[in-house]
Amino acid sequence: MASPAKMMEVCDDVLVFENVVQKTDPYLHILSPQFYSEPFADTLLAWMENQTDWNLHDSLHYQQYELGFSRFAHCKEIEGLWDGDVLAGIRDRAARAFGVPLSSRINISAHKMVPGQHGYIHTDKIPHETHRVVVTLNRGRPADSGGNLVLLSGPKPADVAVVLKQISNTACGFALDSKSYHAITRVKTATRFTVIYTFLSDAVMDLPNPNFFVAS
Amino acid sequence: MSTSAATEVDFLVETDSGIVDQVRKDLSQAYLNIMSKALQAGRLAEQGEAGSQAATPNSREK
């Protein structure tokens, strides 16, 4: 078993996620100016750039490539991603920022979007999921490159309230409920990567997708 | 939450009105594309149904 000092070291090597700020317009969400340590952000981005095992999700309302990290537990170079102490740090800081307790059961996935792909305005109201934290990773995307995460006050394009810049290694989190309208604008240039932490509900024992990691 | 922490995340939000307007336009265009594809899919489904009914003799005509 690793010593507490060693565990703390792993957490510091991977995670920053400090100065997490709660915003309330158009609905409660949190923003973080730096999520991972710079070395880990670079390692994880390089891993995603070199990954070929993505699943295409192509529907009328959105198109994107997806992968779940539970299939990649053998990848030592990114194992800090699902380290229990790192996840505990994410859970605790996100919970403090949201002002509610969050589950230790966390699904971690990634999305890759290439030019032409987008996610239209929607909410993610899934009974066994409560909150989501989305981390943007890239090597610099111009302001007009598309692929912005957009928060809206309603289901119409005119309801745009917050357009987030795609600054690498920053994060946005929000509750998954009927009010949290969001969208990803169509990607115009280059590839867009995000890592998504989904906090599962402790009230639901029989999960349809048991592929989650557990925070310490 | 400190004021400095709140200020530290302000740079994450797009304030360029040109970019924000473009986002609204992109979403409006995406809406039109979705509606157009949905209508097209509906028409194709109707045509398929009509074709299938034409190919299947009505039981009363037997």
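Which residue in β11(A) is the bridge partner of A:Leu151? The partner is A:His182. The legends below start from this pairing and describe a predicted model.

**Figure 1. Strand β11 of chain A, covered on both faces.**
β11(A) spans residues 181-184. A:Tyr181 and A:Ala183 lie on one side of the strand, and A:His182 and A:Ile184 lie on the other. All four are buried. In a regular strand the side chains alternate between the two faces of the sheet. β8(A), residues 149-152, pairs with β11(A) in the antiparallel sense, over four bridges. In this pairing A:Leu151 is matched with A:His182, and A:Val150 stands opposite A:Ala183. β6(A) also pairs with β11(A) in the antiparallel sense, here over two bridges. A:His122 stands opposite A:His182. A:His182 thus faces A:Leu151 of the one pairing and A:His122 of the other.

**Figure 2. The open four-strand sheet of chain A.**
The strand order is β6-β11-β8-β9, with antiparallel pairing. β6 and β9 of chain A stand at the edges. Each has a single partner strand, so one side of each has no neighbour in the sheet. Neighbouring strands are turned by 20° against each other on average, direction ignored.

**Figure 3. The side of chain A that touches chain B.**
Contacts link 26 residues of chain A with 21 residues of chain B. Three elements of chain A give two or more residues to this side: β1 (21-23), β6 (119-122) and β9 (160-163). β9(A) supplies the largest share, three residues. By residue class, the chain A side divides into 16 nonpolar, seven polar and three charged. Both edge strands of the sheet, β6 and β9, are among the elements listed for this side. The model scores ipTM 0.85 and pTM 0.89.

**Figure 4. B:Asp26, a buried residue in chain B.**
B:Asp26 sits in helix α2 of chain B, which covers residues 17-55. Why does B:Asp26 count as buried? It has 20 C-beta neighbours inside 10 Å, and burial requires 20 or more. Leaving out residues up to four places away in sequence, B:Asp26 touches A:Thr185 and A:Arg186. B:Gly48 lies 22 residues from B:Asp26 in sequence and 33 Å away in space, C-alpha to C-alpha.

**Figure 5. Chain B, with two helices and zero strands.**
Buried residues make up 10% of the 62 residues in chain B. The average pLDDT of the chain is 81, and 76% of the residues score at least 70. Over residues 58-62 the pLDDT is below 50. Beyond near neighbours in sequence, this stretch has one contact in the model. Where pLDDT is low, the predicted coordinates should not be read in detail.

**Figure 6. The largest nonpolar core, with 60 residues.**
Which members touch the most other members of the core? They are A:Leu44, A:Ile90, A:Ile106 and A:Val150. A:Val150 also appears in Figure 1, opposite A:Ala183. Helix α3 of chain A, residues 84-98, gives the most to the core, with six residues. Leaving aside neighbours within four places in sequence, the contacts of A:Ile106 include A:Leu87 and A:Arg91. A:Ile106 is also in contact with A:Tyr197, A:Thr198, A:Phe199 and A:Leu200. A:Phe212, A:Phe213 and A:Ala215 are in contact with A:Ile106 as well. In soluble globular proteins, nonpolar side chains tend to be buried together.

**Figure 7. A cis peptide bond between A:Asp25 and A:Pro26.**
Omega is about 10° at this bond. A:Pro26 is found in the loop between β1 and β2 (29-32) of chain A. β1(A) also contributes to the side that touches chain B.

**Figure 8. Positive phi at A:Phe17 and A:Ala190.**
Neither A:Phe17 nor A:Ala190 is a glycine. Phi is about 45° at A:Phe17 and about 60° at A:Ala190. A:Phe17 lies in the loop between α1 (4-14) and β1 of chain A. A:Ala190 has its place in the loop between β11 and β12 (192-200) of chain A. Is each site buried or partly exposed? A:Phe17 is buried, with 23 other C-beta atoms within 10 Å. A:Ala190 counts as partly exposed, because it has 18 C-beta neighbours inside 10 Å.

Definitions and conventions:
Residues are numbered from 1 along each chain as its sequence is written. Chains are lettered from A and ligands numbered from 1 in the order in which they are written. This is a predicted model: local features need pLDDT of at least 70, side-chain atom pairs count only at pLDDT 80 or more; totals for chains, interfaces and linings use all residues. Two residues are in contact if their C-beta atoms, placed from the backbone, lie within 7 Å. Ala, Val, Leu, Ile, Met, Phe, Trp, Tyr, Cys and Pro count as nonpolar, Asp, Glu, Lys and Arg as charged, and the others, Gly among them, as polar. A residue is buried if 20 or more other C-beta atoms lie within 10 Å of its own, exposed if 12 or fewer, and partly exposed in between; C-beta atoms are placed from the backbone. Two strands pair if DSSP finds at least two bridges between them. Axes are lines fitted to C-alpha atoms, for helices over the stretch in contact, and angles run from 0 to 180 degrees between N-to-C directions. pLDDT is the predictor's confidence in each residue, from 0 to 100. A nonpolar core is a set of buried Ala, Val, Leu, Ile, Met, Phe, Trp, Tyr and Cys residues joined through C-beta atoms within 7 Å.
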